[in-house]
Every structure is written in C-alpha cells, then in structure tokens.
Amino acid sequence: MNEVLRAIKERRSVRVFRPDPVEPEKLEAILEAARWAPSGRNSQPWRLVVVESKEKREELGRVVTQMDMVRTAPVTIAVLRDKDAGYDEVKDIQAIGACAQNILLAAHSLGLGACWLGRVRDPQVEKIIGAKENEELMMLIVIGYPRERPAPKERKPLEEIVRRI
Ligand SMILES: Cc1cc2nc3c(=O)[nH]c(=O)nc-3n(C[C@H](O)[C@H](O)[C@H](O)COP(=O)(O)O)c2cc1C
C-alpha cells in the first residue's frame, strides 16, 4: 500500500491531546494541504481561522459541547464558507469537505491527531472566531499530538455501499 492509501486508512479521529505545541512548520504544511483541495470552478470558497491563543481556546471551550477537546488541543482550525466566493451552495460545501479531509490527512501524515467537529455551527462560535458577515462556519478541526490511539471504527462493507452497473 502506498503512503497516501495508508494515511487514508490509518487516520483516526483523535479527541485527546498531549499539551505539546504543534510546530509552526507542521501547521504551515497542514494549511498548505488545505489550500490545494479541489473546488468547483476552482472557486476555493474556504476560509480558515487558526485559533492558537489560550484565551480564544478557553472562550471557545465555554460554548462548544466538546469543550475539553477545544481547550486542550493546541490548535483549532475553524473552516468557514465564504458565501461571496462560491457559486453553488452544494458544490461549495462539498469542496469544503475536501478541504477538511486534506487537513485531517495532512495532520495524520505529520504524526499529529485531529478531529472534525460539526456540532459547533453556532452564532456564538462564529462571533468568537471573528467570522465576517459573508462567512458561515462549517466545522472546527482540533489538532494536536495524540494522547490516545483510537481503534478503527467499523466501516460498511463494499458490497453494501457500491453498486456496479
Ligand atoms: C461531518 C462530520 C461531523 C463530525 N462531527 C463530530 C463531532 O461533532 N464530534 C466528534 O467528536 N466527532 C465528529 N466527527 C468525527 C466522526 O465521529 C468520525 O469521523 C467517525 O466516527 C469515524 O471515525 P474515524 O474518523 O476515527 O474513522 C465528525 C465527522 C464528520 C465528517
């Protein structure tokens, strides 16, 4: 199996982190991976807010359900949709999903762990991260060095999800 396929298969959602910081060059590489995601008409409708300050992490931790994750992860990336940059809501959201997956895979490939948090799409969270008028929060991605090695979650067998015609 090549490295890309191995990373896709071995990536897990990591929800418990060590306090060690994420090196700036690793964070840069993750952001660069996000930038190279595909998007319809190459519209690149994603906007990323990198949350590293203790103050902002604490603030986020007070309003999101999985507060400990946001408080303890040294980095959180808020992924926003720029409603002015896109051209079709569904396709823009699909592109942002691809951007998020790039972030997760890049983090994993660098020895970091990450988790996509969807239950955070709330005006309070948007306010804390400074979302602009034309931006909508899609997800938070928490990133840090893993303190756990989660077991793989089950996947449906190919026969259940694939039809060949
Ligand atoms: C759209 C989406 C929303 C998610 N929201 C959350 C969330 O709010 N909290 C959480 O702990 N995990 C969340 N996850 C992570 C999933 O629970 C996880 O990907 C799934 O259980 C499979 O586990 P794995 O990523 O380790 O393979 C989300 C994933 C996706 C793609």
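In this predicted model, helix 3 presents Glu 55 and Arg 62 as exposed residues on the side away from its buried ones. The buried residues of this helix, which spans residues 54-63, are Arg 57, Leu 60 and Gly 61. Seen down the axis of helix 3, these buried residues fall within an arc of 105 degrees, and they therefore line one face of the helix. The cover over the buried residues of helix 3 includes strand 1 (46-51), helix 4 (67-72), strand 2 (75-82) and helix 6 (123-129).

Strand 2 also contains Thr 76, a residue that counts as buried because its relative accessibility is 0%, where the cut-off for burial is under 20%. When neighbours within four places in sequence are left aside, Thr 76 is in contact with Val 49, Val 50 and Val 51, with Leu 60 and Val 70, and with Leu 140, Ile 141 and Val 142.

The nonpolar interior was examined next. The largest nonpolar core has 24 residues, of which Ile 30, Ile 77, Ile 103, Ile 141 and Ile 143 touch the most other members. At least two residues of this core are supplied by each of helix 2, strand 2, helix 5 and strand 4 (135-144), and the largest share, eight residues, comes from helix 5. Apart from this core lies another one, made up of 19 residues, among them Leu 60, Val 70, Ala 73 and Val 120.

Within the largest core, the contacts of Ile 30 can be listed individually. Not counting residues up to four places away in sequence, Ile 30 touches Ile 77, Ile 103, Ala 106, Ala 107, Leu 110, Leu 112 and Ile 143. Leu 31 has its place in helix 2, which comprises residues 24-35, and, with neighbours within four places in sequence left aside, Leu 31 is in contact with Leu 48, Val 50 and Ile 77. Of these partners, Val 50 is separated from Leu 31 by 19 residues in sequence, while the C-alpha to C-alpha distance between the two is 9.3 Å.

Empty space in the model was then considered. Rolling a probe the size of a water molecule over the atoms shows where such space is left. The largest pocket holds about 310 Å³ of space, and helix 5 (89-109) and strand 3 (113-117) are the elements that give two or more residues to its lining. Helix 5, with three residues, gives the most to this lining. In total, 16 residues line the largest pocket, and those that lie nearest its centre are Glu 10, Arg 12, His 108, Arg 149 and Pro 150. When the residues of this lining are grouped by class, eight are nonpolar, three are polar and five are charged.

As for cavities, the structure holds one of 30 Å³ or more, and the space in the largest cavity amounts to about 40 Å³. The residues that line the largest cavity are Val 64, Thr 65 and Gln 66, together with Leu 117, Arg 119 and Val 120. By class, this lining divides into three nonpolar residues, two polar residues and one charged residue. Val 120, which belongs to the lining of the largest cavity, is also among the members of the core of 19 residues.

Notes
Residues are numbered from 1 along each chain as its sequence is written. This is a predicted model: local features need pLDDT of at least 70, side-chain atom pairs count only at pLDDT 80 or more; totals for chains, interfaces and linings use all residues. Side-chain values use heavy atoms; hydrogens and water are left out. On a 1 Å grid over the protein atoms alone, a cavity is a set of points where a 1.4 Å probe fits but cannot get out, and a pocket is an open set with protein on both sides within 12 Å along at least five of seven lines; lining residues have an atom within 4 Å of a point. Grid points are joined across faces, edges and corners, and a volume is the space filled by probe spheres set on the points. Helices (H or I, at least four residues) and strands (E, at least two) are DSSP runs, numbered from the N terminus. Ala, Val, Leu, Ile, Met, Phe, Trp, Tyr, Cys and Pro count as nonpolar, Asp, Glu, Lys and Arg as charged, and the others, Gly among them, as polar. Buried means under 20% relative accessible area, exposed over 50%, partly exposed in between (1.4 Å probe, protein chains only). The arc is that of the directions from the helix axis to the C-beta atoms. Contact means heavy atoms within 4.5 Å. A nonpolar core is a set of buried Ala, Val, Leu, Ile, Met, Phe, Trp, Tyr and Cys residues joined through side-chain atoms within 4.5 Å.
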